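Here are a few short exercises to help you find your way around a new structure. Try each task on your own before reading its solution.

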Amino acid sequence: MSTLELRDVAVHYGKRVAVECVDDVVDAGEWVGIIGPNGAGKSSLLQAIVGITPSTGEILVDGHRVDTWSRTERARRFAYVPQDPMMPVDMTGFEYVLLG
């Protein structure tokens, strides 16, 4: 288990602000739900945490900035399954979930 800390995290797409000023700490073993209407920035925040979408601010896991990690290190630590996945035709849904 790890601690996730977000310090003033923001995501912008050009001039459009998707996520602004997110500060939170999620302690090891804690559960968090992110809720909001469509277009509120939920997916953008998750994508910023795993490194898919560029962001500003600091994202730390166990006190270490994740933007200093290699793609390989991020892949070891994070699993992200998008809402509209590109699933191979010969793979079952169960097998795809096991990849996460």
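**Exercise 1. Find how strand E1 (residues 4-13) is joined to strand E3 (residues 56-61), and in which sense they run.**

Step 1: Know the terms. Strands (E, at least two residues) and helices (H or I, at least four) are DSSP runs, numbered from the N terminus. Two strands pair if DSSP finds at least two bridges between them.

Step 2: Count the bridges. E1 and E3 are antiparallel and share 5 bridges. One pair to look for is Leu4 with its bridge partner Val61 in E3.

A note on the source: this is a predicted model, in which local features need pLDDT of at least 70 and side-chain atom pairs count only at pLDDT 80 or more, while totals for chains, interfaces and linings use all residues. Residues are numbered from 1 along each chain as its sequence is written, and side-chain values use heavy atoms, with hydrogens and water left out.

**Exercise 2. Follow E3 into strand E4 (residues 64-65) and describe their pairing.**

Step 1: Look at the bridges. E3 and E4 pair in the antiparallel sense, with 2 bridges. Val61 has His64 as its bridge partner in E4.

Step 2: Look at the turn. The two strands form a hairpin with 2 residues between them. Asp62, in that turn, has a positive phi of about 50°.

**Exercise 3. Work out which parts the salt bridge between Glu58 and Arg7 ties together.**

Step 1: Apply the rule. A salt bridge needs a side-chain nitrogen of Lys or Arg within 4 Å of a carboxyl oxygen of Asp or Glu. The count by this rule is 6 salt bridges.

Step 2: Check the pair. In Glu58 and Arg7, the closest N and O atoms are 3.1 Å apart. Glu58 lies in strand E3 and Arg7 in strand E1, so this contact ties together parts 51 residues apart in sequence.

Step 3: Check exposure (buried is under 20% relative accessible area, exposed over 50%, partly exposed in between, with a 1.4 Å probe and protein chains only). Glu58 is partly exposed at 23%, and Arg7 is also partly exposed, at 35%.

Step 4: Widen the view. Glu58 and Arg7 belong to a salt-bridge network with Glu5, Arg65 and Asp67. Within it, Arg65 and Asp67 meet at 2.5 Å, N to O.

**Exercise 4. Explain how Arg77 and Glu73 are placed in helix H2 (residues 71-77).**

Step 1: Their side chains form a salt bridge at 3.4 Å, N to O.

Step 2: The two residues are 4 apart in H2, so about one helical turn separates them.
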